Amino acid sequence: MPELVVISGKGGTGKTSMVASLAVLARQAVLADCDVDAADLHLVLEPQIRRRQTFTGGNKARIKPGHCTACGKCEELCRFEAVYFDGPGNGQAPRTFRIDPAACDGCGVCVRFCADNAIEFGPAVDGEWFVSDTRCGPMVHAQLRPGAGNSGKLVSIVRSQAQQIARERGGGLILIDGSPGIGCPVIASITGASRVLAVTEPTLSGEHDLDRVFLLVRHFGIPVTVCVNKCNLNAEIAQRIERKAQAAGAAILPPIPYDSAVTDAQRKGMAVVELGDSPAARAIRQGWSALCQQIS
Ligand code: SF4
Ligand code: SF4
């Protein structure tokens with residue numbers, strides 16, 4: 001089953017707009033939104049949720065207010081400054097301690113040293129993942145709670161669910177909206193994929209981010225295709241990026257010009273290729289033809 005993962009060195013390069021258009025052009029691929037820290041593919045594809053499941057990322061500590069004697073040991077020991085002296089009072093103390101779940105790293109130290117056995121420790125619900133229907137095919141997506149960690153683990157779940165759906169359908173393309181950057185979530189998005197499509201913009205930071213993407217995909221031995229979005233914002237850097245991409249052995253898609261049709265499409269909750277024959281839509285269609293050959 002071919003897996004195409006669309007990534008960018010950072011957010012805001014037009015990656016998700018590109019995925020939405022490719023989803024339309026692919027006609028019934030299995031879609032996976034692995035950008036779990038800032039998922040927004042659902043804004044364009046309007047998924048109808050068929051199944052939802054909670055995601056437990058890791059263990060967290062929680063103080064039982066009725067058992068806490070307010071000795072302060074947990075606050076003293078917590079290196080993550082997750083303990084606050086603002087919990088409700090009980091028969092033994094007018095105020096107790098409380099743990100902020102967003103700050104708790106789950107190290108378990110406070111649990112071990114609480115002499116009053118007043119701290120619970122166990123898996124915390126860090127988000128949800130969903131299997132949905134969209135007009136472009138089935139989609140697996142997720143929502144991570146603000147401040148929750150373990151997004152790499154959630155990405156792996158989203159991806160494996162998409163693979164399972166593709167197997168049940170007898171194969172076909174899996175199109176993945178990957179996480180931006182080069183950290184753990186993006187590594188979880190791309191390992192073992194058939195090809196990475198790196199969307200970038202012609203700025204110095206876009207160029208620098210793409211260098212890091214090249215290092216990453218080379219490390220994992222994944223073929224890469226590059227597409228410069230909003231290419232006419234700086235033609236000189238756009239050409240330099242394409243030369244670098246060629247030197248790195250990457251395939252290159254036709255660059256996409258800056259086009260107000262992209263913003264119009266976003267406002268209407270559509271992919272730009274659904275909106276008509278704008279310059280951006282034409283470039284994306286040409287790019288899709290080239291991509292089909294690269295992933296076949
Ligand atoms: S160590 Fe236990 S008893 Fe002491 S403040 Fe913390 S939770 Fe309360
Ligand atoms: S489990 Fe670790 S990080 Fe969480 S509150 Fe206890 S000491 Fe702090």
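**Notes on a two-domain chain with two ligands**

1. Start with the big gap: the centres of domain 1 and domain 2, taken over C-alpha atoms, are 42 Å apart. Keep in mind as you look around that this is a predicted model. Domain 1 is made of two stretches, 3–46 and 135–295, while domain 2 covers 57–125. So when you trace domain 1 by eye, remember to pick up both of its stretches, 3–46 + 135–295.

2. Now the chain overall. You should be able to find ten helices and eleven strands in the protein chain. Its C-alpha atoms fill a box of roughly 70 × 40 × 35 Å along the principal axes. Of the 296 residues, 44% count as buried. Look at contacts between residues at least 6 apart in sequence, and 73% of them turn out to join residues at least 24 apart.

3. Helix α1 is a nice one to check with a ruler. It has twelve residues (15–26), and at 1.5 Å a residue they should span 16 Å; the end C-alpha atoms are 16 Å apart, which agrees. The helix is mostly covered, with twelve of its twelve residues buried. Among them are K15, M18, L22 and A26. Just after α1, have a look at R27, which takes a positive phi of about 55 degrees.

4. Helix α10 runs over residues 279–295, and its 17 residues should span 24 Å at 1.5 Å a residue; the end C-alpha atoms are 24 Å apart, so that agrees too. Which residues of α10 are buried? They are A280, A281, A283, I284, G287 and L291. Because these cover an arc of only 150 degrees around the axis, they sit on the same side of α10. On the other side of α10, S289 and Q293 are exposed. As for what covers the buried residues of α10, the list includes β1 (3–7), α1, β9 (195–200), β10 (224–228) and α9 (260–268).

5. Next, ligand 1. There are 13 residues around ligand 1, and C68, C71, K73, C74 and C114 come nearest. Sorted by class, the shell around ligand 1 has nine nonpolar, two polar and two charged residues.

6. Ligand 2 has 14 residues surrounding it, the closest being A61, C78, C104, C107 and C110. The shell around ligand 2 splits into eleven nonpolar, two polar and one charged.

7. Let's go back to C71, one of the residues that come nearest to ligand 1. C71 is in the loop between β3 (48–63) and α3 (73–77). Is C71 buried or partly exposed? C71 is partly exposed, because 15 other C-beta atoms lie within 10 Å, and a buried residue needs 20 or more. Try the distance to H42 as well: the two are 29 residues apart along the chain, and their C-alpha atoms are separated by 47 Å.

8. Two more backbone angles deserve a look. E46 has a positive phi of about 45 degrees although it is not a glycine. You'll find E46 in the loop between α2 (41–45) and β3. E46 is partly exposed, with 13 other C-beta atoms within 10 Å.

9. The other angle belongs to K230, where phi is near 55 degrees, a positive value in a residue other than glycine. K230 is in the loop between β10 and α8 (235–247). K230 counts as buried because it has 21 C-beta neighbours inside 10 Å.

Notes
Residues are numbered from 1 along each chain as its sequence is written. Chains are lettered from A and ligands numbered from 1 in the order in which they are written. This is a predicted model: local features need pLDDT of at least 70, side-chain atom pairs count only at pLDDT 80 or more; totals for chains, interfaces and linings use all residues. Helices (H or I, at least four residues) and strands (E, at least two) are DSSP runs, numbered from the N terminus. The expected span of a helix is 1.5 Å times one less than its number of residues. A residue is near a molecule or strand if its C-beta atom, placed from the backbone, lies within 6 Å of it. Ala, Val, Leu, Ile, Met, Phe, Trp, Tyr, Cys and Pro count as nonpolar, Asp, Glu, Lys and Arg as charged, and the others, Gly among them, as polar. The arc is that of the directions from the helix axis to the C-beta atoms. Two residues are in contact if their C-beta atoms, placed from the backbone, lie within 7 Å.
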